[in-house]
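Biologist: Could you take a close look at one part of this model, the place where two of its chains meet, and follow it into the nonpolar interior?

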Amino acid sequence: MKKNSPWAGVYMALVLVLLYLPILVVVLFSFNSNPGRTANFQFEGFSMQWYENLFDPITGYGQALMNSLSIAFWSVLLSAVIGTLGAIGLARRPVRKSVLGKAGAAALSLGEQLAVLPIMIPEIILGIAFMALFTALKMSFGMVTLVLSHITFCVPYIFITVKGRLATLDPGLEEAARDLGASPLRALTTVTLPLALPAVISGCLLAFAMSMDDFVISFFVNGPTTTTLPLKVYSSVKVGVPPHVNALCTVMLVAVFFLVGMGQLLQARAERRRLKSVKADS
Amino acid sequence: MPVAERQALLSLRDLHKVFDTQEALSGVSLDVYEGEFLTLLGPSGCGKTTTLRIIAGLEMPSRGVVLLNGEDITSLPPEKRQVNTVFQNYALFPHMNVEKNIAYGLRMRGASRQEMKEATEKMLQLVQLEGYGKRQPSQLSGGQRQRVAIARSLVLSPRILLLDEPLGALDLQLRRQMQQELKRMQQSLGITFIYITHDQEEALGMSDRIALMRDGRFVQVGSPEALYEKPETAFAASFIGETNLLHGRAAAVRDDGVLMDVGGITLPADSDLWISLGDPLCLSIRAERLYMSAAPVKEPCQVSGILTESRYAGGERVCVIRLPDGQVLKSRHPTEGEVPCVVGDKVCLWWHQASAVIVRDDLEAAS
Amino acid sequence: MKRPVHRREAMAIPMAVYAALFVGVSLMYIIGLSFLTRGEGFTASPPVSPHNYERIASPIYLRSLLLSLRLAGLTALFCLLIGYPFAYFMAKARPKARTWILLLVIVPFWTNALIRIYGWKILFSASGPINQAILALGLVERPLKLLYTDFAVLVGMVYAMIPFMVLPVYSAAERLDWSVVEAARDLGANPIKAFFTVVVPMTMPGILAGLVLTFIPSIGLFFLSDLLGGSNTMLWGNMVHNELLKSRDLPFAAALSVVLLALTGLVILLYRKRGGSAETMVF
């Protein structure tokens, strides 16, 4: 019963091809010798010229990449702390009696609802809201406003992933730790946190990807010197046909495939080692 | 040595526990003695796990006191109690290997590496898992996990080891084997065990004493023999072993017992209960303590009825007999030297007066 | 262990405070702004009146709203039609193949959405690969106009949103107990009937999450219609964007966003009513 017909494979392959088609086109065109200043998308010959001066200061791509990376780094770091703490605090709710009292517990529930809202509403709303808020607070737009807004949508990814993991954890594990002499804090650090760590990491990776990829919110809260990569790409694409963009995209693609491949390889190796140790024992 | 003369190691005094609006425990009191194997037995939801968790410190009683060695530990957190638990699903730490699991408690106490290593070795030996120290819990069988869980608790030399249905997840054969092993360990280490089960056979075979629970209360506490031979209530009689409950009224009250009227038949019975003439009575007779004959016999305790069912079950035969007043009795007889009776025959059932006991009927009230 | 968990709640305070400040306060703030009037430069000032909303109730804006909703609806629908079978087959594939397909679906996620949309722009352009191919085959005489059409916008939207349908449906289908499907077959359902009476209802949480996840963002993705639709497609997101950056009318842009927020709220409310939660929206 649980078996696919060959047509299912054909269908999946077709969808995947469509999924990768635009990406492949971009990769192909990154080697196009056609300068493409006019809206001419013909492939005219192989060339590496767009790679050679990709990170030339004049293009601004290098700076944009650095901006994006540092915004993503700080946003994810801070979100990881806020989101993981939040997940630990709210994992086994509702509790019978809250330390914060009835009103405090209700406020916390409202806070939780608000914290996950950013991934459910269109980004443009938050973009405008942040822009208006920062203007009203007379904050100058730049790194700080970008990081503050990115945290808002990074937190829910980490919070939900970690909370989901904590919910599947056997509550008996922490009880067992307490029973064996661990204080509440040590039970948390020696049992719960190590077990939640994979979820923290995968939540962070997801949040990192979202931060690197965010265009809409950054569009509204960026400053004159903090153009992020998506913003840079948008302005290039908007005004004309930027051949550098193709090269940049290809570089990023290779980086992503390299990282994902490494991850898979490491995982496979750990698995093999585990299986080997089982065999050696028996 | 009579139990009552010793000082209790653990005392529960009138424990109450209310969850939301539901009362899980309503007045539980019990003394547990040094070196004892005590079993909390009862159907699911009777409050036995709650009692255990209160002893472990994982739950606070709504009311009542827990004393360990005469010291009030009611509000002491679990990590400060010399009591350890073997959890129902073992609760082994999945991110630590067997060794680290076992050494966890010592690590929390700040033991040295050397101490931990030695103690872990010793424990692995005790539970017969030498050489398994580097395995992950996921690489162990159910029985092996069970042993690790026990070793992890015993390494701390607790005053009391609490076991919450530790064999529940194992198959029958492994279960039998682990029962013997647990009993052996308990006797050789001399540690007090408080053991939870809902399996009456397990309770009868392992315990020094059984505390039978129902609806958040102890129904009866005593040795396995006492619970089986002299159940005080209809619930106790029917939860442990198989029994027949014969309903009737007190026809006469005498010094040495009562005469009971069951649908016109008068039966003598022993009783320690306070009974007045005309009271409704409930008589418990074990199925295997009934004898069957084709014709009436010269015994004071006998009833006759129609054999409505007769089933061969290997070493014994299970029979069902319907009495004239509609009550039904189930009996078990050795298949060797069987009485030749067939379904539809009129038969006579008899028993020794001492093997039947008048019990308080607490089943009607519940249903 | 009841008591420590109580104390642990306090650890969620930073998150609650942060969310209250940046999500709660900022949303309240634009709701307030939407009732004010455009002031000097980039400011807003009294009088307080619903005039911005009266302006929205005019045909131009209502048409744009309807257009946006229609496009978002179509996007969600096509994502379901294409993504559901994909996710279903994926859940039925062998575990090893499954991991790889999942990776292949996720990797594009990691590359910039703008760049991927830009790939479509190349594909659709008059001199791009698609037109060259059909010209070479002699199917048409002159290049087709593909770029800057509603069709291009729809393709781009479905393309950008489809992982958000595949992933929740997949995680629902993966948890499916296949013996239930076998039971349905055993009880006389043919494969198609078994699919619609057992598999679809059991994966409904995933479908609902997928629909919400593809529908809501589609209303606000102004850059997508910018790149593939040009100035022909004025979606709600583009309206908001234009009012803010071209007309610099903050209160009116706020009012437009509040309408969008209300629509989103309505969708989420419906979703919650059907038993959906935020948790199923992250995988």
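Modeller: In this predicted model, 82 residues of chain C are in contact with 84 residues of chain A. On the side of chain C that touches chain A, helix H2 (residues 13-33) of chain C supplies the largest share, with 15 residues, and that side divides into 60 nonpolar, 13 polar and nine charged residues. A single residue of chain A shows the contacts at close range: leaving aside neighbours within four places in sequence, A:Ile128 is in contact with A:Phe220 from its own chain and, across in chain C, with C:Ile30, C:Val240, C:Leu244, C:Ala253, C:Ala254 and C:Ser257. A:Ile128 also belongs to the largest nonpolar core, a set of 153 residues in which A:Ile128 and C:Ala87 touch the most other members. Helix H8 (residues 150-174) of chain C gives this core its largest share, 17 residues, while on the side of chain A the core draws at least three residues from each of domain 1 (1-60 + 242-249) and domain 2 (62-226). Apart from this core lies another, of 97 residues, which includes A:Leu173 as well as B:Val28, B:Cys282 and B:Val359. As chain B enters the picture here, its confidence deserves a word: chain B averages a pLDDT of 90, and 97% of the residues score at least 70. Among the elements of chain B, strand E3 (residues 37-41) has the highest mean pLDDT, 96, whereas helix H9 (residues 363-366) has the lowest, 58.

Notes. Residues are numbered from 1 along each chain as its sequence is written. Chains are lettered from A and ligands numbered from 1 in the order in which they are written. This is a predicted model: local features need pLDDT of at least 70, side-chain atom pairs count only at pLDDT 80 or more; totals for chains, interfaces and linings use all residues. A nonpolar core is a set of buried Ala, Val, Leu, Ile, Met, Phe, Trp, Tyr and Cys residues joined through C-beta atoms within 7 Å. A residue is buried if 20 or more other C-beta atoms lie within 10 Å of its own, exposed if 12 or fewer, and partly exposed in between; C-beta atoms are placed from the backbone. Helices (H or I, at least four residues) and strands (E, at least two) are DSSP runs, numbered from the N terminus. Domain bounds come from an automatic or database domain assignment. Two residues are in contact if their C-beta atoms, placed from the backbone, lie within 7 Å. pLDDT is the predictor's confidence in each residue, from 0 to 100. Ala, Val, Leu, Ile, Met, Phe, Trp, Tyr, Cys and Pro count as nonpolar, Asp, Glu, Lys and Arg as charged, and the others, Gly among them, as polar.
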